[in-house]
Amino acid sequence: MQKILDTVERVGNRVPHPVMIFVYLIALVVVLSAILAAVGAHVTYQAYNPASGEIEPASTAARSLLTVDGIRFMFTGIVQNFMNFNAVGVIIVAMVGVGVAEEAGLVKALIRKLVVVAPPKLLTYILVFVGIVSSIAADAGYLVLIPLAAAAFVSVGRHPLAGLAAAFAAVASAFLVNVLIVPTDGILTEITNDAIRLVDPNRSIDLAANVWFSIGSVAMLTILIGLITEKVIEPRLGPYTGDYVVPGESALSEDEYRGLRYALWGMLATMAFIAALTLPPGAPLRHPETGAIIGASPFMNSLIVSIALIFMVCGICYGMGARTMKGANDAIAAMQKAIAGLSGLILLLLVISQFIAFFNYTNMATLAAVSLGRILQEMNLDALWLLIGFVLAVFLIDLIITAAIAKWAIFAPIFVPLLMQLGVEPEAVLAAYRVGDSPMNSITPLNAYFAMIVTFAIKYQKDAGVGTVIALMLPYVIWISVLWTAFLAGWHLLGLPWGI
C-alpha cells in the first residue's frame with residue numbers, strides 16, 4: 001500500500017498544473033458533448049421538480065457545445081459562470097475575517113491553547129469529531145478547521161499534512177452525517193417524501209428519520225478516521241522536515257492571555273449582536289414569511305458572513321489585547337494580505353467554474369446517473385445487494401456531481417420506490433445515500449475546495465501537488481467506503497431503527 005501511494009503521489013505530481021488539467025478537461029467535454037449529441041443520446045425518468053415540489057416526468061438529451069447555441073454559451077457566459085460559482089465568494093468573505101485573526105496571532109494562540117488543554121492521545125479524534133459536525137456551519141470546516149488542524153499538528157511536532165488529511169477526511173468524506181439535524185436534512189427529506197408518494201401517498205418521513213444512524217456513523221467514522229491518520233498516514237509521512245517554524249513554547253505569555261480575554265469579549269459581543277438580529281419575532285435574519293431561523297432563512301444564508309464577522313472582531317480584539325495590532329490600518333493590511341494570498345486559487349477557480357458550467361450545459365452528468373440507475377434496476381438483485389449497489393452507484397456519480405441535493409433529486413425517484421417495493425424502508429434508502437454521497441468528496445477535483453486543500457498543503461511542503469493530496473486521501477476513501485457500507489448493511493440486517 002505504501003508503494004502504491006508513493007506511486008500515486010509521484011504520478012499525480014507530474015501531471016500538468018491544475019489550471020491546465022481543467023483546460024484539457026474542458027476540451028474533452030466539448031468533444032464528448034458533440035459526439036453524444038450526434039448519436040442522439042437521451043434519457044427519460046422521474047425527477048423532483050423544485051419549482052412545483054412534485055415528482056414529474058423528465059427527459060434529458062445531450063447538448064453539444066459545438067453548435068451555434070453552445071459556442072455562444074461558452075463565449076458569453078464566462079463572467080457569469082465565474083460570478084455564479086459560490087465557492088469564490090465564500091472563500092474571499094471567509095478569509096477576510098480569518099486573515100485578521102491569523103495575522104493578529106489569535107489562531108496560533110488558540111491552537112497552542114487547544115494543544116495544552118487536549119490530551120495528546122485524543123487530539124486527532126477531537127479534531128476529527130469537530131470536522132464531522134462542522135457541516136452544520138456549511139463550508140466553515142473547509143475554511144477554518146482544515147488549516148487549523150494542520151497547524152495544531154505541527155505545533156506538537158507531528159506532520160502537518162497528517163492533520164490536514166484527517167480534517168479534510170472528516171469535513172468532506174463524512175459530510176452528510178451529524179449528531180445534529182442540519183439544514184440539508186430538510187431538503188433531502190422533502191425530496192424523499194415526494195418519491196415515497198409515488199408508491200404510497202399516505203406515507204412520509206420526518207427530519208429525524210436518520211438521526212440514530214447518523215449519530216452511530218459519526219461515532220464510527222471519528223474512530224476510523226483517527227485510526228487511519230495515526231496508523232497509516234503518519235507512518236507513511238514520517239517525521240516533519242519542512243521549513244515551517246514550530247512554536248518552541250506551548251505556554252502563552254501574559255499579553256497572549258490578555259488577547260484571548262479580549263477576543264472572548266469580542267466574540268460574546270458579536271454573537272449577542274447576531275442574536276439580536278435573529279431571535280426576536282420579526283428579526284431581519286428570520287424568514288420573512290414563516291419566521292423560521294433554520295432552513296432557507298436569511299440567518300442560514302448569511303452564516304459564512306457571521307463566521308467571518310466573528311473572526312474579524314475576535315482578531316482585532318486579540319490584536320489590541322496582545323499588542324500585535326495598533327489600529328484599523330493593521331486590520332486592513334491583514335485583510336489585504338489574506339486576499340492577496342488567494343490569487344493563485346482564484347485563477348484556478350475561474351477555470352474550474354467554466355468546466356463545471358460547460359459540463360452541466362451538456363447534460364452528461366444526468367445521462368450517466370440515470371443510465372447507471374437503470375443498470376442496477378435491471379440486475380434483479382435482492383434488497384440488501386440492491387442497497388449496496390445503490391451506494392456504489394452514488395460513489396461513482398459523486399466523482400462528477402458533487403452537489404448532494406442535485407444527485408438526490410435524480411436518484412430518489414428511481415431508488416426509493418424500487419426499494420420500497422422490495423420491503424426496504426425509505427429511511428434506509430436515504431441512509432444509504434448519505435453513505436454513498438460522502439467518501440469521494442475528498443478526492444474528486446470537482447470538489448470546489450479541493451484546489452484550496454492543495455494550496456494549504458504547499459504551505460507546509462513546497463513540492464506538494466494534486467498527487468500529494470490524492471495519495472493522502474486515498475486510504476481514507478477506501479477504508480471509509482468499505483467499512484461504512486458494511487456498517488450500513490449490518491444496521492439493515494439487524495433491523496436497527498434509522499431514526500426517531
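**Core and overall build of the predicted chain**

The biggest nonpolar core in this predicted model takes in 163 residues, and L221, W408 and Y476 are the ones with the most contacts inside it. Helix α19, spanning residues 404–420, puts in the largest share of that core, with 12 residues. As a bit of background, nonpolar side chains in soluble globular proteins tend to be buried together.

W408 is worth a closer look. Once its neighbours within four places in sequence are set aside, W408 touches L188, I191 and T192, then F390, P413 and V416, and finally V429, L430 and Y433.

Zooming out, the secondary structure comes to 22 helices plus two strands. Of the 500 residues in the chain, 53% are buried. Counting just the contacts with a separation of 6 or more, 80% link residues that sit 24 or more positions apart.

What about overall dimensions? The radius of gyration is 23 Å, which agrees with a compact globule, because a globule of 500 residues would be expected near 23 Å. Along the principal axes, the C-alpha atoms fill a box of roughly 70 × 50 × 50 Å.

As for the surface, about 22,200 Å² of the chain is exposed, and 68% of that area is supplied by carbon and sulfur atoms. On the charge side, the tally is 25 positive side chains against 29 negative ones, with the centres of the two sets 9 Å apart.

How values were computed: Residues numbered from 1 in each chain as written. Heavy atoms only, no water. Helix = DSSP H or I, 4+ residues; strand = E, 2+ residues; numbered from the N terminus. Rg over C-alpha atoms; globule rule 2.2 N^0.38 Å. Buried < 20%, exposed > 50% of the residue type's maximum accessible area, 1.4 Å probe, protein only. Contact = heavy atoms within 4.5 Å. Areas by Shrake-Rupley, 256 points an atom, 1.4 Å probe, with all protein chains shown as cover. Lys, Arg positive; Asp, Glu negative; His and termini not counted. Charge placed at Lys NZ, Arg CZ, Asp CG, Glu CD. Core = buried A, V, L, I, M, F, W, Y, C linked by side-chain atoms within 4.5 Å.
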